[in-house]
Amino acid sequence: PRILDPGDPLATARRFVADEFTPDGKQLIFHHRGEFFTWNRTHYQRCDDADMCARLYLFCESSMCRSGQDGLKAFKPSARKVADIIHALRSAAHLPTAIEPPVWLEEVADLPPSDLPPCVNGLLYLPDMRVLGHDPAYFNASALPVAFDPGAARPREWHSFLTSIWPDEPDVISCLQEIFGYLLTADTRQHKIFSIVGPRRSGKGTIARILTALLGKEN
C-alpha cells in the first residue's frame with residue numbers, strides 16, 4: 001500500500017506529483033504565477049484549486065499511514081490535511097515566476113518556442129511548416145483548436161465574406177490575414193496594436209468572432 005505521513009505534507013505532495021503526474025519520468029504538473037497547470041496532451045491547462053483538492057482527496061483516501069510500531073491504518077483525509085498538502089504542492093510543483101511561456105523546460109536546440117504554435121496534431125514549426133510531436137517539455141498554456149493541414153482547401157466562405165466587405169481592396173484583405181497569422185504566434189517583435197475601424201454592420205463583429213474561435217479560449 002501507499003504509505004503517507006500525515007505530519008509531512010511536503011513529502012505527500014511530492015509523492016502525489018510522482019504517482020499522479022510523472023509518467024515515464026516526465027513531470028506533468030506545475031504551479032506558475034499562482035495557478036496550477038497540468039498537461040492535457042497538447043498544452044498545459046489551468047487547473048482550479050477545487051479540482052486539485054478533489055483529486056488530492058481521492059489520492060489520500062486510497063493511501064495508508066503508520067499506526068503504532070508496525071501497524072497501518074487508513075489515511076483519512078481531512079480539510080486541514082488536504083489544505084496543508086495543497087499549500088506544499090505549490091512548492092513541490094513550483095515553476096519560477098520569471099519563466100515566460102511559451103518556453104522549453106528542457107534545452108532544445110534550433111527550435112525557438114515563439115516559432116512553435118501548438119495545434120491539435122502537433123507543434124507547427126513556422127520556418128519550414130513542419131509538424132512536430134507534442135512534448136510536455138514545451139510549457140505553453142494554450143493551443144490552437146484546429147489541426148494543421150498543408151493540403152487544406154481554400155476557405156471559400158471566408159474569402160467570399162472578405163471580398164464582400166472590401167471588393168476592390170485586396171491589400172486590406174492581405175493585411176487582415178497577416179494580422180491573423182501574427183496573432184497565432186507568441187511573437188511580439190513588431191510591437192503593434194491592431195484596430196479594426198468601420199461603421200455598424202460592416203463585418204467587424206464577424207471578424208472578431210472568427211479570430212476568437214481560431215485562437216481558442218485560453219489565448
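A residue is called buried when its relative accessible area is under 20%, and exposed when that figure is over 50%. Keep those cut-offs in mind as we go, and remember that what you're looking at is a predicted model.

Let's try the rule out on some cysteines. Cysteine 65 has a relative accessible area of 2%, so it counts as buried. Cysteine 47 is buried too, because its relative accessible area is 16%, under the 20% limit. Are these two tied up in disulfides? A search through the whole structure turns up zero of them. For cysteine 47, the nearest cysteine sulfur belongs to cysteine 53 and is 11 Å away. For cysteine 65, the nearest one is that of cysteine 60, at 10 Å. A disulfide would need the two sulfur atoms within 2.5 Å.

Next, have a look at the sheet near the start of the chain. It is an open sheet with three strands in the order β1-β2-β3, paired antiparallel. The edges are β1 and β3 (44–47), each of which pairs on one side only. On average, neighbouring strands here are turned by 35 degrees against each other, if you ignore direction.

Zoom in on β1 and β2. These two strands run antiparallel and are joined by four bridges. Histidine 31 faces phenylalanine 36 of β2, while histidine 32 sits opposite glutamate 35 in that strand. The hairpin they form has two residues between the strands, and arginine 33 takes a positive phi there, near 55 degrees.

In a regular strand, side chains alternate between the two faces of the sheet. With that in mind, which residues of β1 are buried on each side? Ile29 and His31 are on one side and Phe30 and His32 on the other, and all of them are buried, so both faces of β1 are covered.

Histidine 31 is worth a stop of its own. This residue lies in strand β1, which covers residues 29–32, and it counts as buried because its relative accessibility is 9%. What does histidine 31 touch, apart from its neighbours within four places in sequence? The list is Phe36, Arg90, Ala93, His94 and Leu95. One of these, Phe36, is also the residue that stands opposite histidine 31 in β2.

From here we can move on to the helices. In soluble globular proteins, nonpolar side chains tend to be buried together. In this model, the largest nonpolar core has 20 residues, and those with the most contacts inside it are Phe16, Ile29, Met52, Leu56, Cys60 and Leu89. The elements that give it two or more residues are α1 (9–21), α2 (49–61) and α3 (79–92). Helix α3 supplies the largest share, five residues. For a close-up of the packing, take leucine 56: beyond its neighbours within four places in sequence, it is in contact with Phe16, Val82, Ile85 and Ile86. There is also a second, separate core of nine residues, which includes Trp158, Trp166, Phe180 and Ile207.

Helix α3 deserves a longer look. It has 14 residues and spans 19 Å from its first C-alpha to its last, close to the 20 Å expected at 1.5 Å a residue. Its buried residues are Val82, Ile85, Ile86, Ala88 and Leu89. An α-helix has 3.6 residues a turn, so residues three or four places apart point the same way. Among the elements that cover the buried residues of α3 are α1, β1, β2 (35–39) and α2. Alanine 79 also belongs to helix α3, but it counts as exposed because its relative accessibility is 55%. How far is alanine 79 from serine 142? The two are 63 residues apart in sequence, and their C-alpha atoms are 32 Å apart in space.

Finally, there's another open sheet further along the chain. It has three strands in the order β7-β8-β9, again with antiparallel pairing. At its edges stand β7 (118–119) and β9 (130–132), and each has a single partner strand, so one side of each is left without a neighbour in the sheet. Strand β8 (residues 122–125) is joined to β9 by three bridges, and the two run antiparallel. To find one of the paired spots yourself, look for leucine 124, whose bridge partner in β9 is valine 131.

Technical notes: Residues numbered from 1 in each chain as written. Predicted model: local features only at pLDDT ≥ 70, side-chain atom pairs only at ≥ 80, totals over all residues. Heavy atoms only, no water. Buried < 20%, exposed > 50% of the residue type's maximum accessible area, 1.4 Å probe, protein only. Contact = heavy atoms within 4.5 Å. Core = buried A, V, L, I, M, F, W, Y, C linked by side-chain atoms within 4.5 Å. Expected span 1.5 Å × (residues − 1). Pairing = 2+ DSSP bridges. Axes fitted to C-alpha atoms, helices over the stretch in contact; angles between N-to-C directions.
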